[in-house]
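Please go through this report with the sequence and the structure side by side. It moves from single residues to sheets, helices and rings.

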Amino acid sequence: MKYTQRLRIIDAAVVCWAIAGAYGLRFGFADIQAQRARDVDYVFVSLGLVLAWWLMLELWGSREPRVLGSGTEEYKRVMASSAWLFGAVAVVSFAFKIDTARGFVGLAFPAGALGLLAGRWVVRQHLALERKRGFSISRVLIVGGPYSAAHLVRSLKSEPAAGYLPVAAHLPGAKAERDFSELQVPVLGVQSDFDSILSTILAENVDAVAISAGVNMHPKDLRRLGWELAARDIGMILAPALTDVAGPRIHTQPVAGLPLIHVSTPKLTGGKKVAKRTFDIVGAGLLVALLSPVFIILAALVRFTDPGPVFYKQERIGLRGTTFAMLKFRSMKVNADAELASLLVAQGSADKPLFKIDNDPRITPLGRILRKYSLDELPQLLNVLGGSMSLVGPRPQREGEVALYDDAAHRRLYVSPGMSGLWQVSGRSNLTWEESIRLDLYYVENWSLMGDVIILFRTFKAVFASTGAV
């Protein structure tokens, strides 16, 4: 794959830059012969680290095509391989009493890790654009039951950046006279025998076969199909009937030759809870310190462009259904909440969970600018410091909206609401209620600290793209 080759070149360039930069800052380049430490020749150490780092990225599978384009697995592998390498350097230095300069290692590791992540992100943007245009994708044939096959087709098509394009389906055991229009791809056969399925696969010239839940095939035929596909270098994907469950919760255990999938219960407790709270305090504290001049300027603009208070407080529902006062820079005229009910009735959306007014007449001219770039939400950093919100989490909603929740939607209250979240980076307020709930539930079910970091990076892109305001 050409993107794998590009990553090899980019990784080599980044690693050389990080090691050379650390060497130059720590020792200087004036006289290399004079820079030899008592026990270590850092010129050879640097060359060895460059080669070892590049190889570790390869051995850890960070350039495998299946992890490129979407998800966090690629970034996790980059960080894991880098951490293991420098951990090994520390252990070897200690074991053999080698006087390794801590400043050299302390500069090379963070600079290189961040550079590698940045390089991967840039390549991922190009790959995502190319896949949306129909290139660098895997043509996939769906094999399974009608309902699960239709769900799998919709899911794969909703994430073109993942690189899987459903092109056809084979539905063993389905009734031939049934209407298959919901699949959105042609159904090439409904026979259950092995030879018919294999002939369909070979006729379509696909790159992968996705076996969805409910497939009407004998286990021996599935095993035989796997052998035939491997012999022809065609990928085989098993798609269980699990919705919105990500990798960290899935564990495979082989029992009597069967790969049993264990799905762990999501728990944001103990060390995970401490890690998320620490991340929130450090991140929000740094942002408040850096953006304090912006706070002052915006407060002055709000105060002098429209009579009324600088801040707007609104009661929202937080963790476990508790209420809190969410802060914003005021972007509406005074007493705007009193007009909400009548505007919703006039718009015909009073019974819908998302209380959103199209072309809201209550918003001030300055407020429109603040909302366009989400500047009105900056005071929520104080909510984060106070513990009622998180930097990343489900969308904070009003009591009236929560009253319209179904049982599934109530799981959004399992974690603290966030200033940003999957809803923010996936369309912001342009999302429907169902889409917003699905994204929030996915976040709650699959939380990870690395996922929070990635969402925050994507938030800046979403804000500057001005794709909608909360």
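## Around Asn383

Setting aside neighbours within four places in sequence, Asn383 contacts Phe324, Ala325, Met326, Leu327, Ser388 and Met389. The model is predicted. Asn383 sits in helix α11, residues 380-386. Is Asn383 buried or exposed? Its relative accessibility is 6%, so Asn383 counts as buried.

## The β8-β9 hairpin

Strand β8 covers residues 311-317 and strand β9 covers residues 323-329. The two pair in the antiparallel sense, over seven bridges. Glu315 stands opposite Ala325 of β9. Ala325 is also one of the contacts of Asn383.

Five residues lie between the strands of this hairpin. Which residue takes a positive phi there? Arg320 does, with a value near 55°.

## The whole chain

The protein has 470 residues, and 43% of them count as buried. The fold holds 15 helices and 11 strands. Consider contacts with a separation of 6 or more: residues 24 or more positions apart account for 72% of them.

## The parallel sheet

Five strands make up an open sheet. Their order is β3-β2-β1-β4-β5, and the pairing is parallel. The edge strands are β3 (187-189) and β5 (235-239), each pairing on one side only. From one strand to the next, the twist averages 30°. Strands of a sheet pair through backbone hydrogen bonds, either parallel or antiparallel.

How many bridges join β4 and β5? Strand β4, residues 208-212, pairs with β5 over five bridges, in the parallel sense. Ile211 has Leu238 as its bridge partner in β5.

## Helices on the sheet

Helix α7 (residues 219-231) packs on the sheet and touches β4 and β5. Its direction makes about 145° with that of β5.

Helix α6 (residues 194-204) lies across four strands: β1 (138-143), β2 (164-170), β3 and β4. The angle of α6 to β2 is about 140°.

## Ala22 and its partners

Ala22 belongs to helix α1, which spans residues 2-26. Its relative accessibility is 2%, so Ala22 counts as buried. Beyond its neighbours within four places in sequence, Ala22 is in contact with Phe104, Leu107 and Ala108. What distance separates the C-alpha atoms of Ala22 and Ala111? They are 8.4 Å apart, with these positions 89 residues apart along the chain.

An α-helix has 3.6 residues a turn, so residues three or four places apart point the same way.

## Aromatic pairs

The count of aromatic pairs comes to five. One of them joins Trp60 and Trp84. Their centres are 6.2 Å apart, the planes differ by 40°, and the pair is tilted. This pair links distant parts of the chain, 24 residues apart. Trp60 is in the loop between α2 (42-59) and α3 (73-95), and Trp84 is in helix α3. Trp60 is partly exposed at 31% relative accessibility. Trp84 is exposed, with a relative accessible area of 57%.

The rings of Phe86 and Phe109 also pair. Why does this pair count as tilted? The centres are 5.2 Å apart and the planes stand at 50°, so the pair is tilted. Phe86 lies in helix α3 and Phe109 in helix α4 (residues 102-132), 23 residues apart. Phe86 is buried, at 8% relative accessibility. Phe109 is partly exposed, at 26%. Ring pairs link Phe86 and Phe109 with Trp53 into a cluster.

## Charges over rings

Two arginines lie over aromatic rings. Arg6 lies over the face of Tyr3, at 4.6 Å from the ring centre. The charged end of Arg63 sits over the ring of Trp54, 4.6 Å from its centre.

## The kinked helix α8

Where does helix α8 kink? Helix α8 spans residues 270-305, and the kink lies at Leu291, shortly before the proline Pro293. The kink is about 60°.

Buried residues of α8 include Lys276, Asp280, Gly283 and Ala284. Phe295, Leu298, Ala299 and Val302 are buried too.

Conventions
Residues are numbered from 1 along each chain as its sequence is written. This is a predicted model: local features need pLDDT of at least 70, side-chain atom pairs count only at pLDDT 80 or more; totals for chains, interfaces and linings use all residues. Side-chain values use heavy atoms; hydrogens and water are left out. Buried means under 20% relative accessible area, exposed over 50%, partly exposed in between (1.4 Å probe, protein chains only). Contact means heavy atoms within 4.5 Å. Two strands pair if DSSP finds at least two bridges between them. Axes are lines fitted to C-alpha atoms, for helices over the stretch in contact, and angles run from 0 to 180 degrees between N-to-C directions. Rings of Phe, Tyr and Trp (its six-membered ring) pair if their centres lie within 6.5 Å; planes under 30 degrees apart count as stacked, over 60 as edge-to-face and the rest as tilted. A charge sits over a ring if NZ of Lys or CZ of Arg is within 6 Å of the ring centre and within 35 degrees of the ring normal. The bend at a residue is the angle between axes fitted to the seven residues ending there and the seven starting there.
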